[in-house]
Amino acid sequence: MDRPDAAAAPAPGAQEGVAALVAMPQFRWLTVSNVAFFLAMGSQMIVRPSLAYAITQDEFLLGLVGFAMAVPMLLCGPFGGVAADRFDRRRLILAAQFVALTGEALTLALFWTGHLRFWHLM
């Protein structure tokens, strides 16, 4: 039987993690930016196929957009690993997030102006 106070005790290593967030502003920024980026990526994985379906009313094209989003991640992953070993990681992350943000900003601008078409989502 578990002790009643066991749930209140922090997990092993949790204090060190919190201490790193408090002591290192760069780690804090990295954590916050990664959380924001992965929330945005998760949202993108829901919104793009939903927009494709809203535009085309075709389930196959909805799946095709999801597939088109996964292929670059699969094919570019090894090259990203090589780049991470050879270049400054902070600049590499910044450049990759800038490219992703630019693409999403263009998609949003097309959506707001009513010019978004299926091929833009691909």
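These legends accompany close-up views of a predicted model.

**View 1. Helices H2 and H3 pack against each other.** Let's start with the helix pair formed by H2, residues 25-56, and H3, residues 59-86. Their axes lie 8 Å apart and make an angle of about 145°. The crossing of H2 and H3 is right-handed.

**View 2. Side chains where H2 meets H3.** From H2, look for Met-41, Gln-44, Met-45, Arg-48, Pro-49, Ala-52, Tyr-53 and Thr-56. Facing them from H3 are Glu-59, Leu-61, Leu-62, Val-65, Met-69 and Met-73. Sorted by class, this contact has ten nonpolar, two polar and two charged residues.

**View 3. The largest nonpolar core.** Eight residues make up this core: Leu-51, Ala-52, Leu-61, Val-65, Met-69, Leu-116, Phe-118 and Leu-121. At least two of its residues come from each of H2, H3 and helix H5 (118-121). H3 gives the largest share, with three residues.

**View 4. The surroundings of Val-65.** Here we stay with one member of the core, Val-65. Leaving aside residues up to four places away in sequence, Val-65 touches Arg-48, Pro-49 and Ala-52, as well as Phe-118, Leu-121 and Met-122. Of these neighbours, Ala-52, Phe-118 and Leu-121 also belong to the largest nonpolar core.

**View 5. A salt bridge between Arg-48 and Glu-104.** The model has three salt bridges, and this is one of them. The closest N and O atoms of Arg-48 and Glu-104 are 2.8 Å apart. Arg-48 sits in helix H2 and Glu-104 in helix H4 (residues 89-113), so the pair links parts of the chain 56 residues apart in sequence. Arg-48 has a relative accessible area of 9%, so Arg-48 is buried, whereas Glu-104, at 29%, is partly exposed. You may recognise Arg-48 from the earlier views, as Arg-48 is among the H2 residues that meet H3 and touches Val-65.

**View 6. The salt bridge of Asp-85 with Arg-89.** In this pair, the closest N and O atoms are 3.7 Å apart. Asp-85 and Arg-89 are both exposed.

**View 7. Asp-88 and Arg-91 form a salt bridge.** Their side chains meet at 3.6 Å, N to O. The two partners differ in accessibility class: Asp-88 is partly exposed at 38% relative accessibility, while Arg-91 is exposed, with a relative accessible area of 64%.

Methods
Residues numbered from 1 in each chain as written. Predicted model: local features only at pLDDT ≥ 70, side-chain atom pairs only at ≥ 80, totals over all residues. Heavy atoms only, no water. Axes fitted to C-alpha atoms, helices over the stretch in contact; angles between N-to-C directions. Helix = DSSP H or I, 4+ residues; strand = E, 2+ residues; numbered from the N terminus. Left-handed = near helix turned anticlockwise from the far one by under 90°. Contact = heavy atoms within 4.5 Å. Nonpolar A, V, L, I, M, F, W, Y, C, P; charged D, E, K, R; others polar. Core = buried A, V, L, I, M, F, W, Y, C linked by side-chain atoms within 4.5 Å. Buried < 20%, exposed > 50% of the residue type's maximum accessible area, 1.4 Å probe, protein only. Salt bridge = Lys/Arg side-chain N within 4 Å of Asp/Glu carboxyl O.
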